Amino acid sequence: MRNIALRLKYDGSRYHGWQIQKNDITVAQTLEEALEKVLGEHVRVTGCGRTDAGVHALRYCANFKAETNIPADRIPLAVNSRLPSDIAVTAACDVDDDFNAISSCIKKEYIYKILNDRIRDPFLADRVCFWPQHLDMELISRAAAAFEGTHDFRAVRSLGTETKTTVRTVFSCSAVKEGSMITVSVCADGFLYNMCRAMVGTMVYAAYGKLLPEDIPSLLEKGDRRLTGPTMPPQGLYLNRVWYEGPAGIMLQD
C-alpha cells in the first residue's frame with residue numbers, strides 16, 4: 001500500500017467546498033471520482049484544509065493510499081484527463097506511510113483579494129470581493145499587523161467546527177494594494193472556521209473607523225465575535241501556500 005501526496009489547484013466557484021457532502025458537489029468528491037477511474041479502485045483523499053463553498057486554492061495538498069503501480073510522476077496527467085477544467089493536479093509524490101495532509105502541515109498562508117474600485121469587473125465576479133467604497137490602506141495595514149502573534153482567535157471565528165483550542169499563532173499578516181486590487185496575506189500555524197475572512201472583515205471595519213487597529217488585541221482578549229468585523233464573502237479567499245517537511249514539502253515549493 002502506497003501513500004501518495006498530490007499538489008493541486010482549483011477554482012472553487014461551483015463547488016460546495018472541499019469536504020465531501022451528502023447532497024452537494026465538492027472538490028474532494030470530484031477528485032476521488034477521477035482517481036477511481038485512473039486507479040481502478042476507490043480511494044479516500046485527505047485534504048490539508050476544509051475550504052468553504054466558493055473558496056479557491058492556488059496551492060493545495062491532499063493524500064491518499066492505494067495499491068497502484070502507476071509511477072507518481074504519471075498520476076497528474078492521468079487524473080487531469082478525468083477532472084473538470086476548474087481542478088488541476090500539478091504534481092504527485094510518494095510519502096511516508098504516516099504522512100497526513102492535514103496533521104502533517106506545518107503552516108498555511110491564505111490570501112484575500114478585494115477589488116476596491118467604483119466599477120466592478122465582471123470577469124472577476126467569482127474570484128474577488130468587489131468593494132466600491134474607498135478603503136484606507138494605512139488603517140488596513142495597521143489592523144493587519146495587530147493580528148500577528150499568538151492569541152486566542154475565538155473573536156474572529158464562526159461556530160460550526162469544534163476544535164480542542166482556539167489559540168493560533170499568526171506568523172505574518174499584511175496588506176498591499178496594486179492598482180485597484182487589495183491583497184491581504186495571512187500566514188499561521190492553523191486557522192479556525194472563517195477565521196481569515198473575519199480577520200479581513202475586521203480590517204475593513206478599521207478602514208471605516210468603526211474600530212481602531214490598536215483595539216484589536218483587546219478585542220481578541222474579550223473573545224466576543226459581535227465586537228469584531230463581518231465575515232467577508234468567500235469568493236475573495238484563496239489558499240495560497242502550505243508547508244511540509246520531506247518529499248511533500250519539496251513538491252509544494254515553487
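Strand β2 (residues 46-47) pairs with strand β3 in the antiparallel sense over 2 bridges. Strands here are DSSP runs of E of at least two residues, helices are DSSP runs of H or I of at least four residues, and both are numbered from the N terminus. Two strands count as paired if DSSP finds at least two bridges between them. The model is predicted, so local features need pLDDT of at least 70 and side-chain atom pairs count only at pLDDT 80 or more, while totals for chains, interfaces and linings use all residues. Residues are numbered from 1 along each chain as its sequence is written, and side-chain values use heavy atoms, with hydrogens and water left out.

## Strands

Within the pairing of β2 and β3, Thr 46 stands opposite Asn 63. Strand β3 also pairs with β1 (residues 2-10), in an antiparallel arrangement joined by 8 bridges. There, Leu 6 is found opposite Ala 62 of β3. A further partner of β3 is β10 (residues 237-243), which runs parallel to it and is joined by 2 bridges. Ala 57 faces Leu 239 of β10 in this pairing.

Why is β3 largely enclosed by the rest of the structure? The strand covers residues 56-66, and 9 of its 11 residues are buried, so the rest of the structure encloses most of it. Buried means under 20% relative accessible area, exposed means over 50%, and partly exposed lies in between, with a 1.4 Å probe and protein chains only.

Another group of strands involves β7, β8 and β9. Strand β7 (residues 149-152) pairs with β8 (residues 167-178) in the antiparallel sense through 4 bridges, and His 151 stands opposite Arg 168 of β8. Strand β8 is also antiparallel to β9 (residues 181-188), with 8 bridges. One of the bridge partners in β9 is Met 181, which is matched with Glu 178. A hairpin is formed by β8 and β9, with 2 residues between them. In its turn, Gly 179 has a positive phi of about 65°.

## From Asn 194 into helix α4

Asn 194 is located in the loop between β9 and α4. Its phi is positive, about 65°, although the residue is not a glycine. Asn 194 counts as buried because its relative accessibility is 12%.

Helix α4 has 13 residues and spans 19 Å from its first C-alpha to its last, close to the 18 Å expected at 1.5 Å a residue. The expected span is 1.5 Å times one less than the number of residues. Of the 13 residues of α4, 12 are buried; among them are Met 195, Cys 196, Met 203 and Ala 207. The buried residues of the helix pack against β5, α3 (137-146), β8, β9, α5 (216-222) and β10. Contact means heavy atoms within 4.5 Å. After α4 comes Gly 209, with a positive phi near 80°.

## Pockets

The two largest pockets are set out below.

| Pocket | Volume | Lining by class |
|---|---|---|
| Largest | about 810 Å³ | 16 nonpolar, 9 polar and 10 charged residues |
| Second largest | about 170 Å³ | 6 nonpolar, 2 polar and 3 charged residues |

On a 1 Å grid over the protein atoms alone, a pocket is an open set of points where a 1.4 Å probe fits, with protein on both sides within 12 Å along at least five of seven lines; lining residues have an atom within 4 Å of a point. Grid points are joined across faces, edges and corners, and a volume is the space filled by probe spheres set on the points. Ala, Val, Leu, Ile, Met, Phe, Trp, Tyr, Cys and Pro count as nonpolar, Asp, Glu, Lys and Arg as charged, and the others, Gly among them, as polar.

The largest pocket has a volume of about 810 Å³. It is lined by 35 residues, of which Gly 49, Arg 50, Ile 102, Lys 108 and Phe 191 are the closest to its centre. Helix α4 gives the most to this lining, with 3 residues. In the second largest pocket, the lining includes Val 95, Phe 99, Tyr 244 and Pro 247. Which helix gives the most to that lining? It is α6 (residues 246-251), with 3 residues.

## Trp 243

Trp 243 belongs to strand β10 and is partly exposed, with a relative accessible area of 22%. Trp 243 and Lys 108 are 135 residues apart in sequence, but their C-alpha atoms are 6.5 Å apart in space. Leaving aside neighbours within four places in sequence, the contacts of Trp 243 include Ser 104, Lys 108 and Cys 187.
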